[in-house]
Structures are given as structure tokens and as C-alpha cells.
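Student: I would like a close look at one part of this structure. Please show the model before I ask.

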Amino acid sequence: MTKTSDFIWHNGEMIPYEQATTHVLSHALHYGSSVFEGIRAYDTPKGPAIFRLTDHIQRLYDSAKIYRMELPFSKEEIIQACKDVVRENGFKNAYLRPFAFLGHVGLGLNPKSHRADMTVAAMQWGAYLGEDSLAQGVDVCVSSWNRLAPNTMPTAAKAGGNYLSSQLISGEAKRNGYVEGIALDVSGCLSEGAGENLFVIKKGVLYTPPFTACILPGLTRDTIIELARARGYTVREESIAREALYLADEFFMTGTAAEIVPVRSVDGLPVGEGKRGPITEELQQAYFDLVKGQSEDPHGWLEYVNE
Ligand code: PMP
């Protein structure tokens, strides 16, 4: 693996990238007992700003709470660590990865100590689904793998173990020549992509699967709901049948890494006119204007690194 930054914040200290290692008997390596976040910092006219940093760190602490993991730093300390790691590495744009994991606590499934180790890394990461994806749209398929069932593993937790499911979904899609896979929930309705939430547009109305469809409550999803409603669009959070993807006027996916990605085909069938649609483009523009500090930020979602 190539080095992706000079420094990583590790249990309260900023250390060189090479030294941020852990033991092979770490609990998380064996059992997936970690929680994490993916956050983006964007270059704005007022310097680098981390989009919805506080909300992401709240979700990190929520994920840890679900798994009864004890986090030895306060939210404020991790928020500061995120800002520091962008600044220390001299990044303007960055992808941040705050991470908490059960380390050297023994190999029992339920160790005595649930005290996590914590790290925050930052790196440069371009368009997650390919450089052309944002303008051209991507080709996706419905996966043969379902999303996690609600009484198996909690999908509101952004936990390491959940991403075995995501790896199956995206791996299968890529092997079959698609950019991403879409998972159905246990009832057969739409859930989410391997690392993205879904928005289907029909007759000017936006539809997105509800939390009960076993999705991760995405912050980009929440941002798009706000932006769309502020522009007068109706957004409905409701169950969506698979065939709605085939009959949609437009379909796009959202995620911190993926950003706002138009989908041009599903299972080989064109979505709408087979290219990015006008509402997708409008909301994509609104999103990029917001995160890059080029429009009003009424919610104070841009958290500046140098403040
Ligand atoms: N679902 C899954 C499974 C994800 O991994 C992600 C990316 N974090 C999302 C949805 C989108 O969430 P967010 O917009 O908060 O990045």
C-alpha cells in the first residue's frame, strides 16, 4: 500500500504515517469490531473546510454506542484531531477517516475491556466511482446479495463488520462490468448501494428508501433532502420497488466519497434518457457550491480547519 499522508493522529498524538500500525491479534482484525467515518474536506475561499464534521463525529459516537464500545476521547477532541490532521498534512482537499477499534484486548468475543484505540487519517481521494462518473453517470446492477436484515446487524452503525456485505455487493458488480451494486432489503425493496444511498426521481418527485430499509443514515442523503426541499421539490422517504429503477426519469446515488453520482443504466436498461438528468444536475451543482463554500451555508455545515 502506498503512503497516503505524512501524519496520522493516533490515540492523542500526531505520528508519522509509517508508525501508525497495530498488532496482528487486534480484536477488530478478527471480528470486525471497529467503527469509522468517511468525511471530506473541501478547499473553500476561507481555506479548507470539513463538511458536516460535527455530524459525522456524532455518528461515530452513535455507532460506538450501539456496540457498547468505549471511546477514550471526547467528541470535541476528535473534531480537533480531524482539523489538525488536515492542517499538519498540508491538504486543501482531503478524505478523512476517523476510526475506533478494539485493539489488543484479547481474542475472547466479549473482551473485558471495550476501550477502543482511536485514529484519524487524511488522504487525497478523487471521485470515488471514477473521474467521469459525476458528469457521465455510471452503470449499476441490482446485486444478488441482500442488505443486512434488521435483526442481524444494525445498519445505522457504520461498523467495520458491515462492510463485508458492501464488499460482496460491489465486488460482484465490478466483476460483472458494473461500477456499483444496489442491494435490496429483506422485503425485496430498494435499500442502498455498497457505499451510497439512493434517490429515484419520477415526475419531478424525489423518492429515497427510509431508515427501515436497512440503510446507513447517510449525511449526504440528509444534505440532498434539505437542498431539494429548499428548492421546492417534494422528497418522500418510502419503500421503493426494484422496478422503479427501470422506470425512473432520473436516478442518483449519494455518499461522502461518491458525492452525487448520476446513474445512467441499471441492469443494462437506460435510466430515463440514459444520461445525467436535469434535477440530478441541479442538485449536484447545489451540493458542490455548498461544500466548496460558493453558496450560503445556512446550517453552518462547513467547519473550517483554520478557525
Ligand atoms: N451507505 C453506506 C453503506 C455507506 O458506506 C455510505 C458511505 N458512508 C453511505 C450509505 C453514505 O453515507 P454518507 O453520505 O454519510 O457518506
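Student: Which residues in H6 are buried?

Tutor: The model is a predicted one. In helix H6, the buried residues are Leu 219, Thr 220, Arg 221, Thr 223, Ile 224, Ile 225, Leu 227 and Ala 228. In an α-helix there are 3.6 residues a turn, so residues three or four places apart point the same way. H6 runs over residues 219–230. The helix has twelve residues, and the distance from its first C-alpha to its last is 16 Å, close to the 16 Å expected at 1.5 Å a residue. After H6 comes Gly 232, which has a positive phi, near 90 degrees.

H6 also takes part in the surroundings of the ligand. The shell there consists of 14 residues, and the closest are Leu 216, Gly 218, Leu 219, Thr 220 and Thr 256. Two elements give two or more residues to this shell: helix H6 and strand S14, residues 250–255. H6 supplies the largest share, three residues. Leu 219 and Thr 220 are thus listed twice in this account: they are buried residues of H6, and they are among the closest residues to the ligand. By class, the shell is made up of nine polar, three charged and two nonpolar residues.

Elsewhere in the model, a pair of helices can be described by its packing. Helix H2 (residues 53–66) packs against helix H3 (residues 75–88) at an angle of about 130 degrees, and their axes are 10 Å apart. Because of that angle, H2 is oblique to H3. The crossing of these two helices is right-handed.

How values were computed:
Residues are numbered from 1 along each chain as its sequence is written. This is a predicted model: local features need pLDDT of at least 70, side-chain atom pairs count only at pLDDT 80 or more; totals for chains, interfaces and linings use all residues. A residue is near a molecule or strand if its C-beta atom, placed from the backbone, lies within 6 Å of it. Helices (H or I, at least four residues) and strands (E, at least two) are DSSP runs, numbered from the N terminus. Ala, Val, Leu, Ile, Met, Phe, Trp, Tyr, Cys and Pro count as nonpolar, Asp, Glu, Lys and Arg as charged, and the others, Gly among them, as polar. The expected span of a helix is 1.5 Å times one less than its number of residues. A residue is buried if 20 or more other C-beta atoms lie within 10 Å of its own, exposed if 12 or fewer, and partly exposed in between; C-beta atoms are placed from the backbone. Axes are lines fitted to C-alpha atoms, for helices over the stretch in contact, and angles run from 0 to 180 degrees between N-to-C directions. Angles under 35 degrees count as roughly parallel, over 145 as roughly antiparallel, 65 to 115 as roughly perpendicular and the rest as oblique. A crossing is left-handed if the near helix is turned anticlockwise from the far one by less than a right angle, and right-handed if clockwise.
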